[in-house]
Every structure is written in structure tokens, then in C-alpha cells.
Amino acid sequence: MSLMGYTNRVAWVDLTAGQVDYRPIAEEDALKYIGARGLGVKYVFDNGPQVDALSPDNILCFMNGPLTGTDANMSGRMAIVTKSPLTGTVTDSHHGGWSAARLKWAGFDGLVFKGMAATPVYAYIENGEVTLHDASDLWGKGVHETVKIMQERYGEPKTLSVIAIGPAGENLVRFGCWINENDRASGRGGTGCVGGSKHLKAIVIRGKYQDRLRLRTRGLEGRP
């Protein structure tokens, strides 16, 4: 696919197996659903409307759009899409900050998580790769403490985004949220509860403005 604005790379992460599969986006889907919320909702519906929201079979999508990471106003938002444990239907919940742009600069249009890790984990994203790491030491900690620990662990906080759940999500509170960079909430639908059900504590994204080669080659260089 050669459509402008897409990296054409989505990481499908099997938390049960601890494996990552990198897949392109079908050009027809990119044109019809235009990334972010649209593409995430398609993935959830394709996964099956009868899936229980808190079962390992539910998927949890972190998606950006083709304008993300560019000069376009209001383009720097990320859509978290899943089946909601609060309503029993598809939900999309959004947050601001730098995580969406950094995900694009790191080489991805989205992350899709399925399954359930045996023990708590977090995902680290950088330079087109997703790796899973033990988060047992983070489980039970609040979001602010989790962000601080990740910043100390990986350094260069100005190029790092941390999206995390706190004790509410871990304990399956059905309106639990994902919090981005300390204070930006994906605040509806219980997306954090779904993360807790999968033992997924955090998403850590390293993406630099200078690393946007894929955007430059498509004529979309810029900042969110």
C-alpha cells in the first residue's frame, strides 16, 4: 500500500503467546475507514460481536490516523478501541498528548492486543519493533508512579510517552481508564478495565520527531 500518511504497519500482539505479528493494512480498508477510530472499530467487529469484553478473545486497539504526526491541527489524538465491559458493545475512547505522534514516528499505524498474559507485562515500542517486558514490579502502582519509573528506566523523557492503567483497571473496575502522560484520560467505555483483564499495565512509546522518514517520503513531514 502506498497511500500517503500511513506507515502501513500494525503490530498484532498475542499476549498469551508473547508473540508479535506485523501486518500491513489493506488499501481498501485504509481508504474506507481512514485509520484511527474507523479502522479500530472494523477490527473489533471483525473479531466478533459475541466476544465477551473481559475474555482473552477481546481485542484492544491503540490507533492513530494518516494525519497523525503532521502539521494538521488537532491530529495528535489516539483512539483506543475495544469491546466495552461497561456497555457490552464497541467503544472508542480518545486522548491527547504526544503518544499518537510518537507511535507514528516509531513506525506504526496501530497496536492490537489479544489474549491474556500469564503475569503483568508492558509493551515497549521503538524503531518499528514491539517488545513485551515483565511488569510485576509495576502492578498495583498508580499511573504517576508508573510513568516516573518508565522515564527513569528509559531516559530521554521528552521523546517518551507512557500510557498506563492504575489499580482501577487492574481490579477490573468497569469504567477504568487508560491514562496518557500522567493526565490525559481515555475516559469512557472501560478501556482500562480491558487492559487489566489482559494483565497489560502500560504502553511505552519512544518516537522522535527526527525519526519520521516514512512521513517525509510521503510529503507529510511536520508536528502534531
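Reader: How does E156 count when its relative accessibility is 46%?

Author: The general idea is a scale of relative accessible area, found with a 1.4 Å probe on protein chains only, where buried means under 20%, exposed means over 50%, and partly exposed lies in between. At 46%, E156 therefore counts as partly exposed. Before going on, note that this is a predicted model, in which local features need pLDDT of at least 70, side-chain atom pairs count only at pLDDT 80 or more, and totals for chains, interfaces and linings use all residues. Residues are numbered from 1 along each chain as its sequence is written, and side-chain values use heavy atoms, with hydrogens and water left out.

Reader: Where is E156 placed, and what is its phi?

Author: As a general idea, most residues other than glycine have a negative phi. E156 is not a glycine, yet its phi is positive, about 45°. E156 sits in the loop between α4 and β9, where helices (H or I, at least four residues) and strands (E, at least two) are DSSP runs numbered from the N terminus. P157 is in the loop between α4 (143–154) and β9 (160–164), and it counts as partly exposed because its relative accessibility is 44%. From P157 to R206 there are 49 residues in sequence, while their C-alpha atoms are 9.0 Å apart in space.

Reader: How should I read the confidence of the model, and what is the mean pLDDT of the chain?

Author: pLDDT is the predictor's confidence in each residue, on a scale from 0 to 100. The chain has a mean pLDDT of 92, and 93% of its residues reach 70 or more. Over residues 213–224, however, the pLDDT is below 50, although this stretch has 40 contacts in the model beyond near neighbours in sequence, a contact being heavy atoms within 4.5 Å. Where pLDDT is low, the predicted coordinates should not be read in detail.

Reader: What is the volume of the largest pocket, and which residues line it?

Author: Rolling a probe the size of a water molecule over the atoms shows where empty space is left. On a 1 Å grid over the protein atoms alone, a pocket is an open set of points where a 1.4 Å probe fits, with protein on both sides within 12 Å along at least five of seven lines, and lining residues have an atom within 4 Å of a point. Grid points are joined across faces, edges and corners, and the volume is the space filled by probe spheres set on them. Here the largest pocket has a volume of about 160 Å³, and its lining includes A36, N64, M74, R77 and H94. By class, five of the lining residues are nonpolar, six polar and one charged; Ala, Val, Leu, Ile, Met, Phe, Trp, Tyr, Cys and Pro count as nonpolar, Asp, Glu, Lys and Arg as charged, and the others, Gly among them, as polar.

Reader: M74 is one of those lining residues; is M74 buried or exposed?

Author: M74 counts as exposed because its relative accessibility is 75%. It belongs to the loop between β3 and β4, and it has a positive phi of about 65° although it is not a glycine.

Reader: How does the span of helix α2 agree with what is expected?

Author: The expected span of a helix is 1.5 Å times one less than its number of residues. Helix α2 (residues 36–47) has 12 residues, so it should span 16 Å, and its end C-alpha atoms are 17 Å apart, which agrees. A36, which also lines the largest pocket, is among the buried residues of α2, together with L39 and Y43. The elements that cover these buried residues include β1 (10–14), α1 (27–33) and β3 (59–63). After α2 comes G48, whose phi is positive, near 120°.

Reader: Which residues are in contact with a buried residue such as I165?

Author: I165 counts as buried because its relative accessibility is 0%, and its place is in the loop between β9 and α5. Leaving aside neighbours within four places in sequence, its contacts include W139, W178, G196 and L200. S84, in the loop between β4 and β5, counts as buried because its relative accessibility is 1%. With the same neighbours set aside, S84 is in contact with A53, T89, T91 and G189, and its C-alpha atom is 8.7 Å from that of C193, 109 residues apart in sequence.
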